[in-house]
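Colleague: I'm new to reading structures. Could we go through this one together?
Modeller: Happily! Here it is.

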Amino acid sequence: MAVLPTPAETAKAMDAERLIGRRVGLVPTMGALHAGHISLIERAADECEAVLVSVFVNPLQFGAAEDFGGYPRDLARDIRLAAGAGTTHVFIPDVEAMYPDGFLSLVRVHELGDDWEGAARPGHFDGVTTVVTKLFSMAGRCRAYFGEKDFQQLQVVRRLANDLCLPAEVIGCPTVREPDGLALSSRNAYLTPAERAAAPKLYRALLAGVTAIEAGETAPARVAAVMAAEVGSEPIVRLSYAAAVDPVTLRPPARLEGGVRLLVAARLGRTRLIDNLGCAVPGGARARGQTAPGAPEAV
Ligand code: AMP
């Protein structure tokens, strides 16, 4: 596995791969790799001969009061796990390599990034879209693998690639969970034992939302209230938001029909966790068929 420290070397290596007919798969990460990341890398390795994994804790997507400094970092372990999962190239830049002196550009996807995580973390998605634009530019023509775990991010990145004709085909991959339903996340490492025991409440809230929809509830606010009540039954889990949204616009529709995405975010002590789940309204048309031409695909 080649370890690449700069955008220029990475772009050159990916050009060389394509020149000999190898497909490029890109998996952007912030490191602290877990089984969720590994599932993305393995999917990329199944579908592409060259697999580029980036490991970069991107300061641009962290707010001033967030955990950039304390974000878990273990490069030696990441390199070992990435290699074991089929990575052929790992891109590990330092901040200076990504944002050299004089860097002045910012890429923004309007509207899709405004609510939910965007509202809770002002500037977060501008940081994500800026770094992803750089990664797509250096990877070149590729398939790019993102987790549904960060569903709003996935839809923002789909829109970005579509709107700017970036040379990446964005592929959403299912969320990997612990046996008790907790979605794997590098931030789970921050949880105290008591918080860890309570954390599956997010998943249970999503399941409660699905149950309400399957029982015929079509009012987004009432589904959100069911989810909020489930979270509220565990005092150490403090709800940030619960919502039932259209998977493409990420806004609650007047009435739920077709495909629905349930979103939840909550704080446990100093840790903020997010999760989501897709479901279909019984008897409704699939959202996929309702997607406007050129719009990001619903997953
Ligand atoms: P991160 O390192 O948190 O920026 O995540 C890198 C990529 O891994 C993103 O596309 C995430 O959506 C994805 N990811 C994170 N957690 C999971 C998970 N539990 N299951 C599947 N993908 C995940």
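Modeller: One definition first: Ala, Val, Leu, Ile, Met, Phe, Trp, Tyr, Cys and Pro count as nonpolar, Asp, Glu, Lys and Arg as charged, and the others, Gly among them, as polar. Also keep in mind that this is a predicted model.

Colleague: By class, how many residues of the shell around the ligand are nonpolar, polar and charged?
Modeller: The ligand is surrounded by 17 residues, and His37, Gly147, Asp150, Val176 and Leu184 are the closest. Sorted by class, the shell has 8 nonpolar, 7 polar and 2 charged residues.

Colleague: Which element gives the most to the shell around the ligand?
Modeller: Two or more residues come from each of E2, H2 and strand E5 (142-147). With 3 residues, the element that gives the most is H2.

Colleague: How far does a polar side-chain atom of aspartate 150 lie from an oxygen atom of the ligand?
Modeller: Let's look at the polar contacts with ligand oxygen atoms. Histidine 37 has a polar side-chain atom 2.9 Å from a ligand oxygen, and methionine 30 has a backbone N or O atom 2.9 Å from one. For the polar side-chain atom of aspartate 150, the distance is 2.6 Å.

Colleague: Is tryptophan 116 buried or exposed?
Modeller: Tryptophan 116 sits in the loop between helix H4 (95-98) and helix H5 (117-120). Buried means under 20% relative accessible area. Tryptophan 116 has 16%, so it is buried.

Colleague: What should the 16 residues of helix H6 span?
Modeller: The helix runs over residues 124-139, and the estimate uses 1.5 Å a residue. The end C-alpha atoms of H6 are 22 Å apart, which agrees with the expected span of 22 Å.

Definitions and conventions: Residues numbered from 1 in each chain as written. Predicted model: local features only at pLDDT ≥ 70, side-chain atom pairs only at ≥ 80, totals over all residues. Heavy atoms only, no water. Helix = DSSP H or I, 4+ residues; strand = E, 2+ residues; numbered from the N terminus. Expected span 1.5 Å × (residues − 1). Buried < 20%, exposed > 50% of the residue type's maximum accessible area, 1.4 Å probe, protein only. Near = heavy atom within 4 Å. Polar contact = N/O pair within 3.5 Å; in protein donor to acceptor, adjacent residues only side chain to side chain.
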